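This report describes the arrangement of a protein chain and its bound ligand. Please consult the sequence and the structure shown here while reading.

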Amino acid sequence: AKAVRDRLRIAIQKSGRLGDPSRALLTACGLDWRESRDRLFCYGESLPVDLLLVRDDDIPGLLADGVCDLGIVGRNVLDEQAAEREQAGVVPVAKELRALGFGGCRLDIAVPDDWDWQGPEQLRGCRIASSYPQLLRRWLAGQGIDAEVVMLSGSVEIAPRLGQADAVCDLVSSGATLAANQLKPVLTLLRSEAVLAGPVAPFADARAELMQLLLRRMDGVLRLRH
Ligand code: PRP
Ligand code: ZN
Ligand code: MG
């Protein structure tokens, strides 16, 4: 059984695209923190809601392990982990509670600029590099396309030039990274944005009420932003 807790712990990205807007959203919800020197853990002052600053990719795992109660993470990261758990036959532990309206991007398949793109059939027998192997495999299976997935945790865009892959499946925001690597997006697998991720089952301790309070405030903030 999990420990009874009376503080809520939220994981957000330490640095990178989602970090600052995540913090700004939580601040707009009336939260504030006494900053610790290493700034990995921020102790909540106005409410017992603490922050943990981590790598975005670690957030689903922290939720799964019960280390954190809520997380702000890209839908792409959350969905990839959910697909991985499904594949492994384990129950989901985190779900999307709210879409947050920032950090918008797409998970796209991109091919070298000089390909004459005809359609998904062209991917048959190709090696596709991605940090989202589960989402890519699921999509390929749905299309009935047999292709090899090359898992890379970073620098996916350089794989075709290095001869590691023929195409990539990566996040696209402005499109600058693809363009700088002579790649062009041809298909979208997922439209993503930052989401609030939280438990599938409600808390049975003081965190339940804290979470209701936070969600109410967040809904108010999100409504005003529209
Ligand atoms: C993504 C993706 C590309 C970049 C694309 O990485 O992997 O590197 O953004 O953005 P652009 O279209 O605006 O050039 P990101 O930095 O979001 O996350 P990561 O550090 O977890 O790879
Ligand atoms: Zn990341
Ligand atoms: Mg990147």
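Which residue in β10 does Ala129 stand opposite? In this predicted model, Ala129 stands opposite Val168 of β10. Ala129 also has a bridge partner in β9, namely Val150.

**Strand pairing around β8**

The pairings of β8 are set out below.

| Strand pair | Sense | Bridges | Residue opposite Ala129 |
|---|---|---|---|
| β8 and β9 (residues 148–151) | parallel | four bridges | Val150 |
| β8 and β10 | parallel | three bridges | Val168 |

Helix α4 (residues 133–143) joins β8 and β9 in a β-α-β unit, and this unit is right-handed. Trp115 belongs to the loop between β7 (105–112) and β8 (127–130). Trp115 counts as partly exposed because it has 14 C-beta neighbours inside 10 Å; the partly exposed class lies between 12 or fewer such neighbours for exposed and 20 or more for buried. From Trp115 to Gln81, the C-alpha to C-alpha distance is 32 Å, while their separation in sequence is 34 residues.

**Domains and their contact**

According to the domain assignment, the protein chain consists of domain 1 (8–103 + 193–225) and domain 2 (105–192). The centres of the two domains, taken over C-alpha atoms, are 29 Å apart. Ten residues of domain 1 and nine residues of domain 2 take part in the contact. On the side of domain 1 that touches domain 2, helix α3 (residues 75–88) gives the largest share, with seven residues. By class, this side of domain 1 comprises five charged, four polar and one nonpolar.

**The shell around ligand 1**

Where does ligand 1 lie with respect to domain 1 and domain 2? Ligand 1 lies between them, because domain 1 and domain 2 both give residues to its shell. The residues around ligand 1 include Gly16, Arg17 and Asp56, as well as Gly154 and the run Asp170, Leu171, Val172, Ser173, Ser174, Gly175, Ala176 and Thr177. In terms of residue class, the shell holds six polar, three nonpolar and three charged.

Two elements, β10 (167–172) and α6 (176–180), each supply at least two residues of this shell. The largest share, three residues, is that of β10. Strand β10 thus appears in two parts of this description: β10 pairs with β8 in the parallel sense, and β10 contributes to the shell around ligand 1.

Note on methods:
Residues are numbered from 1 along each chain as its sequence is written. Chains are lettered from A and ligands numbered from 1 in the order in which they are written. This is a predicted model: local features need pLDDT of at least 70, side-chain atom pairs count only at pLDDT 80 or more; totals for chains, interfaces and linings use all residues. A residue is near a molecule or strand if its C-beta atom, placed from the backbone, lies within 6 Å of it. Ala, Val, Leu, Ile, Met, Phe, Trp, Tyr, Cys and Pro count as nonpolar, Asp, Glu, Lys and Arg as charged, and the others, Gly among them, as polar. Domain bounds come from an automatic or database domain assignment. Two strands pair if DSSP finds at least two bridges between them. A crossover is right-handed if, with the strands pointing away from the viewer, the path from the first strand over the helix to the second runs clockwise. Two residues are in contact if their C-beta atoms, placed from the backbone, lie within 7 Å.
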